[in-house]
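Trainee: Please take one part of this model and go through it closely. I would like a single connected account, starting with strand pairing and then moving outward to the rest of the chain.

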Amino acid sequence: MENESSESRNRARLAIMELANMISVPMSLNAAVRLGIADAIWNGGANSPLSAAEILPRLHLPSHTTIGGDPENLQRILRMLTSYGVFSEHLVGSIERKYSLTDVGKTLVTDSGGLSYAAYVLQHHQEALMRAWPLVHTAVVEPETEPYVKANGEAAYAQYGKSEEMNGLMQKAMSGVSVPFMKAILDGYDGFKSVDILVDVGGSAGDCLRMILQQFPNVREGINFDLPEVVAKAPNIPGVTHVGGDMFQSVPSADAIFMKVCCNIIVCHENTPTNIFANRTNSSFCI
């Protein structure tokens with residue numbers, strides 16, 4: 001091993017310390033969402049730089065909060081997330097720090113439809129998921145059982161089916177992600193013009209189909225296909241039929257199959273077999 005006092009070894013030690021403390025970043029982001037910092041700064045589009053003391057009275061604080069909250073601890077959160085591009089810091093004079101939203105921070109602002117990426121953040125930091133992360137190593141040594149099941153006694157979607165709160169948060173998270181995504185896609189994609197019946201695989205609340213049907217009136221029917229416990233809570237949408245099932249078993253027949261995977265979309269047309277997912281299996285690494 002090289003000299004412990006070398007520059008490269010010093011950088012390595014600092015890097016591993018940063019990685020070990022990385023949990024402070026998502027937890028600070030979670031705190032920012034729970035407090036409603038982005039909406040407090042945005043204030044109807046002004047996005048004017050504000051100090052922690054100016055932001056504090058605008059936050060979602062419980063009624064029992066003592067002395068109206070702590071601006072110093074709020075500033076710690078703001079500075080942490082500034083270093084990761086969520087906020088911009090503005091130095092006023094030599095000591096006062098004020099904060100505005102970056103483009104990243106603006107994704108947490110609630111839009112006119114009540115949506116943002118805030119629910120997506122909260123969905124990933126639910127207590128049940130947080131219990132599972134320390135058990136990720138067991139996916140290697142005991143791969144027959146997922147870490148999430150080890151931590152919670154059952155699989156995630158089984159819990160969503162039983163918990164109205166968890167299922168509601170998941171649907172709001174998916175809507176918050178899907179709506180701006182689909183707006184961007186539909187601005188330049190016209191591949192649905194020849195489709196009569198369209199099935200959205202993993203469509204959650206049906207937001208994507210709703211937007212597609214509004215822009216393409218030729219789509220006579222949209223089939224929102226997801227797990228039974230998910231579609232059971234989906235809202236009524238004109239022209240959309242909610243169907244529960246398992247895509248690893250079969251997918252409803254249609255002229256085209258639409259599936260959003262992370263930041264990509266897959267559109268399969270009528271000659272694509274409806275059992276294309278039948279031989280796929282869930283990875284036991286999934287928490």
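Mentor: Strand β2 (residues 87–92) and strand β3 (residues 96–101) run antiparallel and are joined by 6 bridges. This is a predicted model, and every value below is computed from it. Two of the facing positions can be named. F87 stands opposite L101 in β3, and V92 stands opposite E96 in β3. The hairpin of β2 and β3 has 3 residues between the strands, and G93 takes a positive phi near 70 degrees there.

The hairpin belongs to a wider arrangement. An open sheet is formed by 3 strands in the order β1-β3-β2, with antiparallel pairing. Its edge strands are β1 and β2, each of which pairs on one side only. As background, strands of a sheet pair through backbone hydrogen bonds, either parallel or antiparallel.

From the edge strand β1 one can step back to the loop between α3 (37–42) and β1 (50–51), where N43 is found. The phi of N43 is near 50 degrees, a positive value in a residue other than glycine. N47 is found in the loop between α3 and β1 as well. N47 has a positive phi of about 50 degrees, although it is not a glycine. The sign deserves a remark because most residues other than glycine have a negative phi. What sets the two asparagines apart is burial: is each of them buried or partly exposed? N43 counts as partly exposed, at 45% relative accessibility. N47 is buried, with a relative accessible area of 16%; the cut-off for buried is under 20%.

The next item is the aromatic side chains. A search of the whole structure finds 5 aromatic pairs. One of them is Y189 with F192, an edge-to-face pair at 5.2 Å centre to centre and 75 degrees between the planes. The pair counts as edge-to-face because its angle is over 60 degrees. Y189 is partly exposed, with a relative accessible area of 27%, whereas F192 is buried, with a relative accessible area of 0%. Ring pairs link Y189 and F192 with F216 and F258 into a cluster.

On the surface there is a nonpolar patch of about 450 Å², made by L14, I16, M17 and L19. M17 is found in helix α1 (residues 7–20). M17 is exposed, with a relative accessible area of 52%, and the cut-off for that class is over 50%.

Finally, the setting for these details. The protein has 14 helices and 8 strands. Of its 287 residues, 38% count as buried. The accessible surface comes to about 16,100 Å², and 55% of that surface belongs to carbon and sulfur atoms. Among contacts between residues at least 6 apart in sequence, 54% join residues at least 24 apart.

To return to the starting point, the hairpin of β2 and β3 combines 6 bridges with 3 residues between the strands, and β2 is an edge strand of the sheet.

How values were computed
Residues numbered from 1 in each chain as written. Predicted model: local features only at pLDDT ≥ 70, side-chain atom pairs only at ≥ 80, totals over all residues. Heavy atoms only, no water. Phe/Tyr/Trp six-rings, centres within 6.5 Å; stacked < 30°, edge-to-face > 60°. Buried < 20%, exposed > 50% of the residue type's maximum accessible area, 1.4 Å probe, protein only. Patch = residues over 30% accessible without salt bridge, like charges linked within 9 Å, V, L, I, M, F, W, Y side chains within 5 Å. Areas by Shrake-Rupley, 256 points an atom, 1.4 Å probe, with all protein chains shown as cover. Salt bridge = Lys/Arg side-chain N within 4 Å of Asp/Glu carboxyl O. Helix = DSSP H or I, 4+ residues; strand = E, 2+ residues; numbered from the N terminus. Pairing = 2+ DSSP bridges. Contact = heavy atoms within 4.5 Å.
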